[in-house]
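User: I should like to examine the reasoning behind several structural assignments. Please set each value against its criterion.

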Amino acid sequence: MESVSERAGGPADAVVVGIDSGGSGLRIALARAADGTVLDRTAAPGPVRTGPGGISAAHFLESVLPAAAALRARAGEGRPVLAAAVGAAGMATLGEELRAVLPWAFAEAWGARRTVLAADAVTAYAGALGARPGAVVAGGTGLIALGTDLTGWRRADGWGHLLGDCGSGVWIGRAGLEAAMRAHDGRRGGSAALLARAERLHGPAAGLPAALYPRPDRPAVLAAFAPEVAAGAADDPVAAGILRRAAGHIADAAEAACPPDPAAVVALTGGLFRLGEPLLAPLRAALADRLPGVPVVTPAGDPLDGAVALAAALADGGTRLPEDPALLRIL
């Protein structure tokens, strides 16, 4: 019986490369083309730089090519690479340089025949749900919901902390610090408990604006306060109220992204949901209200798993997830 890779025109020992490029760095996996089984994986620290042309293809390749070479050497250098898939934060709006450079660079370096380039929300979807209809909410510092009926994509939020990312880590952390500053001033809606937590982390509250506003990593600093809000929610009605409002925003995004398909399901993926029951309990209630009858399922995998799945599907001839000029391109 011939293997998937042989049906696609490649030898049985062929491999694929999956790459997840996010705000904290790059993760790379080498997998069997025949079934997507991961053989090895590695990471490269630091996010890929952006410049006038968007995400820097040169900096991306400086990180990816040596790391992938090390993976291939450990797995057996002679294994041919049939396909590669990249999921990158900012691909939708900043990915033109990657789309122009990566396919030929991968072909030259590895002999890869085909490349799929996707937004990180797409690889999050592929990792969580595979090729089935539904919606995935990817939450961390920011937040985006992406859904599909397998003919097109539906996106909600993911507009950054100044315009959206409602219910995200940065949203929760900023709301918690605002409640702390209200308590500092004696205004209504403040939380003495959150003020105490803020001052333990950042020092006297009056100095917080000067310490926070000039920082280039301001979203990450704001999001770092979200666990403090969750930790205080059991005893602090203000903190609990912030998480209820966050849950409502997250459910709104899931509702907007979820297709009207009777087979649709919803999955939640990302570090935001490690805040635990203080967020998840009101979120379950909000999702049941917004999307009655739509099951919430456990994600099957993460965005790197999604990149591997897309690469393996491409090696077998294509992917069932819909192509889109900004979100998912096969090159």
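User: Which residues is W110 in contact with, leaving aside its neighbours within four places in sequence?

Analyst: In this predicted model, W110 is in contact with V17, I19, V64, L65, A68, R72, V81 and A84. Contact requires heavy atoms within 4.5 Å. W110 also belongs to the largest nonpolar core, which has 62 residues; I19, F60, F106 and W110 touch the most other members. A second, separate core of 50 residues includes A135, I250, A253 and V266.

User: Why is C258 called buried?

Analyst: The relative accessible area of C258 is 5%, and buried means under 20%; therefore C258 is classed as buried.

User: What makes C166 partly exposed?

Analyst: C166 has a relative accessible area of 26%. Partly exposed lies between the limits of 20% and 50%, so C166 takes that label.

User: How do you know that the sulfur of C166 is too far from the closest cysteine sulfur for a bond?

Analyst: The closest cysteine sulfur, in C258, is 19 Å away, whereas a disulfide requires sulfur atoms within 2.5 Å. The sulfur of C166 is therefore too far for a bond. A search of the whole structure finds zero disulfides.

User: What makes β10 and β12 edge strands?

Analyst: The open sheet has the order β10-β9-β8-β11-β12, with mixed pairing. Strands β10 (153–157) and β12 (296–297) each pair on one side only. Pairing needs at least two bridges; five bridges join β9 (residues 143–148) to β10, and these strands run antiparallel. Within β10, R154 stands opposite G147.

Terms used: Residues are numbered from 1 along each chain as its sequence is written. This is a predicted model: local features need pLDDT of at least 70, side-chain atom pairs count only at pLDDT 80 or more; totals for chains, interfaces and linings use all residues. Side-chain values use heavy atoms; hydrogens and water are left out. Helices (H or I, at least four residues) and strands (E, at least two) are DSSP runs, numbered from the N terminus. A nonpolar core is a set of buried Ala, Val, Leu, Ile, Met, Phe, Trp, Tyr and Cys residues joined through side-chain atoms within 4.5 Å. Buried means under 20% relative accessible area, exposed over 50%, partly exposed in between (1.4 Å probe, protein chains only).
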